[in-house]
Amino acid sequence: MYGEFLKEAENFIFAEDTPSKSDVIFVPGNGYPQMAERAAQLYREGYAPYILPSGKYSVTDGHFTGVLGKKECYPGEFNTEWEFLKEVLVRCGVPEKAVLKEDQATFTYENAIFSRQVTDQAGIKVKKAILCCKTYHARRSLMYYQLLYPEAELLVCPSCPDSITRSNWRDTEEGIDAVTGEITRIIKQFSLMLDYK
């Protein structure tokens, strides 16, 4: 029974889709470059004409704490997650005109809320979008973006910046904490989604 629970939890948390032609690529705010690198790859392959990275900094820290991976590739000081993610995208071959701006969000729900404001103001009708997020952050990100884009098909194309994957998360205390922590956050934050509706 316990094994079945773990498998169901795994299938729920680690959402992933095959990319297809979309209107925009979303990148929720973070300090890792891998999600923006994946978004840049998808852009170069012609999957969407725009990328919208979103984020100011974590509400718990109160400031951008810096680059969390591949620091040697992305040196410099960044004031916001958006500023950092834009730098990654541009260095990976995305033209600045294709990068939309949202630099006020301080948690995942705000990433979705403010991203919707940006696409509405830009006149972008989002019928299909790609969401580039962390592997075990996929379900929570998807839930929030789907709430703000109920009319759109959202495809999750995650990246793994910290070695926690669907196949190995049960092998380490760090992986177990990450996945069970996501389940807890989804349960606790579900009331926000109900209130929004």
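Reader: Where is Asn30 found?
Author: In this predicted model, the elements on either side of Asn30 are strand 1 (24-28) and helix 2. Asn30 is found in the loop between strand 1 and helix 2.

Reader: Is Asn30 buried or exposed?
Author: Buried means under 20% relative accessible area. Asn30 falls under that cut-off, so Asn30 is buried, with a relative accessible area of 11%.

Reader: Which backbone atoms does the side chain of Asn30 reach?
Author: One is the backbone oxygen of Pro28, at 2.8 Å. The other partner named here is the backbone nitrogen of Tyr32, also at 2.8 Å. The atoms are thus the oxygen of Pro28 and the nitrogen of Tyr32.

Reader: Which residues does Asn30 touch, not counting residues up to four places away in sequence?
Author: Pro28 and Tyr32 have been named above as partners of the Asn30 side chain. With residues up to four places away in sequence left out, Asn30 touches Met35, Phe64, Glu81, Phe84 and Leu85.

Reader: How many salt bridges does the structure hold?
Author: One of them joins the side chains of Lys70 and Glu37, at 2.9 Å from N to O. Lys70 lies in the loop between strand 2 (51-54) and helix 3 (81-91) and Glu37 in helix 2 (residues 34-44), so this pair ties together parts that are 33 residues apart in sequence. The structure holds 9 salt bridges.

Reader: Which of Lys70 and Glu37 is buried?
Author: Lys70 has a relative accessible area of 34%, and is partly exposed. The value for Glu37 is 17%, which is under the 20% cut-off. The buried residue is Glu37.

Reader: Which residues are joined with Arg116 into one network?
Author: The side chains of Arg116 and Glu151 meet in a salt bridge of 2.9 Å, N to O. This pair links helix 4 (residues 108-121) to the loop between helix 5 (138-148) and strand 4 (153-156), 35 residues apart. Salt bridges that share partners join Arg116 into one network with Asp120 and Glu151.

Reader: What is the relative accessibility of Glu182, the salt-bridge partner of Arg140?
Author: The side chains of Arg140 and Glu182 meet at 2.8 Å, N to O. Arg140 is in helix 5 and Glu182 in helix 6 (residues 173-196), 42 residues apart. Arg140 counts as buried at 10% relative accessibility. Glu182 also counts as buried, and its relative accessibility is 2%.

Reader: How many residues of helix 5 are buried?
Author: Arg140 is one of the buried residues of helix 5, and Ser141, Tyr144 and Leu148 are among the others. Helix 5 is mostly covered, and the count of buried residues is 9 of 11.

Note on methods
Residues are numbered from 1 along each chain as its sequence is written. This is a predicted model: local features need pLDDT of at least 70, side-chain atom pairs count only at pLDDT 80 or more; totals for chains, interfaces and linings use all residues. Side-chain values use heavy atoms; hydrogens and water are left out. A salt bridge is a side-chain nitrogen of Lys or Arg within 4 Å of a carboxyl oxygen of Asp or Glu. Helices (H or I, at least four residues) and strands (E, at least two) are DSSP runs, numbered from the N terminus. Buried means under 20% relative accessible area, exposed over 50%, partly exposed in between (1.4 Å probe, protein chains only). A polar contact is a pair of N or O atoms within 3.5 Å; within protein, one must be able to donate a hydrogen and the other to accept it, and residues adjacent in sequence count only if both atoms are side-chain atoms. Contact means heavy atoms within 4.5 Å.
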